[in-house]
Amino acid sequence: QVHLVESGGGLVQAGGSLRLSCAASGRTFSSYAMGWYRQAPGKERDFVAGISWSGDKTVYEDSVKGRFTISRDDAKNTVYLEMKSLKPEDTAVYYCAAGLSPYGGYDFWGQGTQVTVSS
């Protein structure tokens, strides 16, 4: 079992930056791939970014490539999502997830953190 808690969301103007954090409980954090998803109002939850358990492989959804960076710090049991050049369409609840693959099929989820980008 992995318990995930996101933080760092908030209100930011278009063009601004935010860094989301996801703190994980449990001593097996380093064995999990980690990911970020987002869900806008009235829409499905969509994949944003993933990172392998070793950190050597990252994958991004096309619309965030070059703007978002996923990283992990196993010493802190934390995964990050650095978001730059934010757009109003990035507004959503962002969820952290843990699983076996950075590409999807995640097993554990956090409660989400709201990101709102104003125009």
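Biologist: What share of the chain's contacts with a separation of 6 or more comes from residues 24 or more positions apart?

Modeller: That share is 56%. Bear in mind that this is a predicted model.

Biologist: Okay. How do you know whether the radius of gyration agrees with a compact globule?

Modeller: Set the value against the rule, which is 2.2 Å times the number of residues to the power 0.38. With 119 residues that gives a radius near 14 Å, and the chain has 13 Å, so the two agree. Along the principal axes, the C-alpha atoms fill a box of roughly 40 × 25 × 25 Å.

Biologist: And what is the chain built from, helices or strands?

Modeller: Eleven strands and zero helices.

Biologist: What makes a set of residues a nonpolar core here?

Modeller: Its members have to be buried residues of the nonpolar kinds, such as Leu, Met or Trp, joined through side-chain atoms within 4.5 Å. The largest such set has 30 residues, and Leu-4, Met-34, Trp-36, Val-79, Leu-81, Met-83 and Tyr-94 touch the most other members. Several strands each supply at least two residues of this core, among them E3 (18–24), E4 (33–39) and E9 (92–99). There's also a second, separate core of five residues, including Tyr-37, Phe-47, Val-59 and Ala-97.

Biologist: How much of the chain counts as buried, then?

Modeller: 47% of the 119 residues. The accessible surface comes to about 6,100 Å², with 49% of it belonging to carbon and sulfur atoms.

Biologist: Why is Gly-8 called partly exposed?

Modeller: Partly exposed sits between the 20% and 50% cut-offs. Gly-8 has a relative accessible area of 36%, so that's the label it gets. You'll find Gly-8 in the loop between strand E1 (4–7) and strand E2 (10–13). Leaving out residues up to four places away in sequence, Gly-8 touches Leu-18, Arg-19, Leu-20 and Thr-113.

Biologist: Does the label change for Ser-85, or what does Ser-85 count as?

Modeller: Ser-85 is at 41% relative accessibility, so Ser-85 counts as partly exposed. Ser-85 is in the loop between E8 and E9.

Biologist: What makes the phi of Ser-85 worth a remark?

Modeller: Its sign: phi is positive, about 50°, although Ser-85 is not a glycine. Most residues other than glycine have a negative phi. Asn-77, in the loop between E7 and E8, also has a positive phi, near 50°.

Biologist: Last one: how many positive and negative side chains are there?

Modeller: 12 positive and 12 negative, with the centres of the two sets 3 Å apart.

Terms used: Residues numbered from 1 in each chain as written. Predicted model: local features only at pLDDT ≥ 70, side-chain atom pairs only at ≥ 80, totals over all residues. Heavy atoms only, no water. Buried < 20%, exposed > 50% of the residue type's maximum accessible area, 1.4 Å probe, protein only. Helix = DSSP H or I, 4+ residues; strand = E, 2+ residues; numbered from the N terminus. Contact = heavy atoms within 4.5 Å. Areas by Shrake-Rupley, 256 points an atom, 1.4 Å probe, with all protein chains shown as cover. Lys, Arg positive; Asp, Glu negative; His and termini not counted. Charge placed at Lys NZ, Arg CZ, Asp CG, Glu CD.
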